[in-house]
Amino acid sequence: MQSKTKKHPGLRVNLASEFLDRTVLIDIYLPRNHQPDTQYSLLLINDGQDLPKFDLGALLADMEGKGEIEPLIVVGIHCSEDRKMEYGTVAYTDYMGRGARAGKHQQFVFDELLPYLRAQYAPQGFKEKSYAGFSLGGLTAIDVVWNNPHEFRRAGVFSGSLWWRLNDIGKGYIEETDRIMHKQIREGKYHPWLKFYFTTGSLDETMDRNNNGIIDSIDDTLGLIEELEKIGYSVTEDIFYINYKDGRHDVETWGRAMPEFLRWGWGRREA
């Protein structure tokens with residue numbers, strides 16, 4: 001069942017998922033003059049329920065209309081009440097067992113969501129695919145991209161939960177080995193086509209577990225960038241990072257960061 005919503009110009013779809021054993025709500029933002037026989041880039045975004053809060057549909061239409069970005073299809077995937085189980089890293093749960101259904105979420109993306117989107121809106125396939133998300137949704141996005149490099153081109157991580165760890169603080173936690181996403185990159189391989197976008201806010205949180213004067217949100221992001229550099233990625237060509245000094249761990253900050261992210265990934269060079 002599909003219906004136009006009043007809050008944004010996208011389509012709201014209830015997609016039944018056997019893997020997640022629930023109906024997944026998704027918002028589909030099509031290019032202004034969508035042509036089924038044209039190949040468009042696809043951007044998936046976790047926590048899609050937050051996108052209407054900063055009117056992503058209007059932002060996309062405005063930027064495309066001004067020639068700032070190429071036309072692309074954006075799909076917001078709404079989370080469920082089981083968010084901390086469905087989001088996370090597929091290969092490892094965290095120290096509390098959270099993320100146990102992340103594999104089911106990934107199966108939903110590949111085996112249910114993408115086939116549906118191709119059949120309905122992209123019969124010629126996609127030019128390329130990217131994945132982004134906020135907080136824990138950002139961790140999930142980069143985990144899926146990193147472990148399926150031949151499916152994606154970019155990962156966008158907004159205030160990512162990159163602290164996701166195997167052991168808790170004071171209970172065997174070792175900074176150098178226990179952060180799960182850092183571990184996966186450290187043990188992974190360089191794929192030259194992958195690009196990474198990170199944002200943080202200086203007011204994301206107050207936690208500073210290693211007492212180095214840098215909040216964990218920023219520390220974990222910088223640490224992940226260092227791991228990417230070690231295996232061959234360039235901070236000038238492959239990685240974009242921006243910290244908003246007045247940025248918080250909230251939808252308002254992520255909405256403010258979104259135009260820069262869209263220009264980075266899909267900007268028209270002449271704009």
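**Exercise 1. Aromatic pairs**

Task: State how many aromatic pairs the predicted model contains, and describe the geometry of the pairs Tyr 116 and Tyr 121 and Phe 134 and Phe 158.

Solution. The count comes to 18 aromatic pairs in this predicted model. Tyr 116 and Tyr 121 form one pair, with 6.4 Å from centre to centre and 75 degrees between the planes. Planes over 60 degrees apart count as edge-to-face, and the pair of Tyr 116 and Tyr 121 is accordingly edge-to-face. Both Tyr 116 and Tyr 121 are buried.

The rings of Phe 134 and Phe 158 are also paired edge-to-face, at 5.3 Å between centres and 80 degrees between planes. This pair links distant parts of the chain: Phe 134 belongs to strand S6 (residues 129–134) and Phe 158 to strand S7 (residues 154–158), 24 residues apart. Phe 134 has a relative accessible area of 0% and is therefore buried. Phe 158 is likewise buried, with a relative accessible area of 0%. Finally, Phe 134 and Phe 158 belong to one aromatic cluster, whose members also include Tyr 197, Trp 254 and Trp 266.

**Exercise 2. Charges over rings**

Task: Identify which ring lies under the charged end of Arg 98, and which lies under Arg 165.

Solution. The charged end of Arg 98 sits over the ring of Tyr 95, 5.5 Å from the ring centre. Arg 165 lies over the face of Tyr 173, and here the distance to the ring centre is 5.7 Å.

**Exercise 3. The faces of helix H1**

Task: Determine how the buried residues of helix H1 are arranged about its axis, and what covers them.

Solution. Begin with the list: in helix H1 (residues 56–65), the buried residues are Leu 56, Gly 57, Leu 59, Leu 60, Met 63 and Glu 64. Viewed down the axis of H1, these buried residues fall within an arc of 165 degrees, so they line one face of the helix. The spacing can be read against a general rule: an α-helix has 3.6 residues a turn, so residues three or four places apart point the same way. The cover over the buried residues of H1 includes strand S3 (22–29), strand S4 (41–46), strand S5 (72–77) and helix H8 (251–266). After H1 comes Gly 67, with a positive phi near 75 degrees.

**Exercise 4. Two residues with polar side chains**

Task: Establish whether Lys 129 is buried or exposed, and do likewise for His 191; then name their contacts.

Solution. Lys 129 lies in strand S6. Its relative accessibility is 12%, and the limit for buried is under 20%, so Lys 129 counts as buried. The side chain of Lys 129 makes a polar contact, at 3.2 Å, with the side chain of Glu 151. Beyond four places in sequence, the contacts of Lys 129 include Leu 42, Leu 114 and Phe 152.

His 191 is found in the loop between helix H6 (180–186) and strand S8 (195–203). At 16% relative accessibility, His 191 also counts as buried. Leaving out residues up to four places away in sequence, His 191 touches Pro 149 and Tyr 233.

**Exercise 5. Nonpolar cores**

Task: Which residues have the most contacts inside the largest nonpolar core, and which helix contributes the largest share of this core?

Solution. The largest nonpolar core has 48 residues, and those with the most contacts inside it are Ile 26, Ile 28, Leu 44, Leu 117, Phe 196 and Phe 198. Helix H3 (residues 102–121) supplies the largest share of this core, eight residues. Leu 117 touches, among others beyond four places in sequence, Ile 28, Leu 44 and Val 75. A second, separate core has 24 residues, including Ile 69, Val 74, Phe 158 and Tyr 197.

Terms used. Residues numbered from 1 in each chain as written. Predicted model: local features only at pLDDT ≥ 70, side-chain atom pairs only at ≥ 80, totals over all residues. Heavy atoms only, no water. Phe/Tyr/Trp six-rings, centres within 6.5 Å; stacked < 30°, edge-to-face > 60°. Buried < 20%, exposed > 50% of the residue type's maximum accessible area, 1.4 Å probe, protein only. Helix = DSSP H or I, 4+ residues; strand = E, 2+ residues; numbered from the N terminus. Lys NZ or Arg CZ within 6 Å of the ring centre and 35° of its normal. Contact = heavy atoms within 4.5 Å. Arc of directions from axis to C-beta. Polar contact = N/O pair within 3.5 Å; in protein donor to acceptor, adjacent residues only side chain to side chain. Core = buried A, V, L, I, M, F, W, Y, C linked by side-chain atoms within 4.5 Å.
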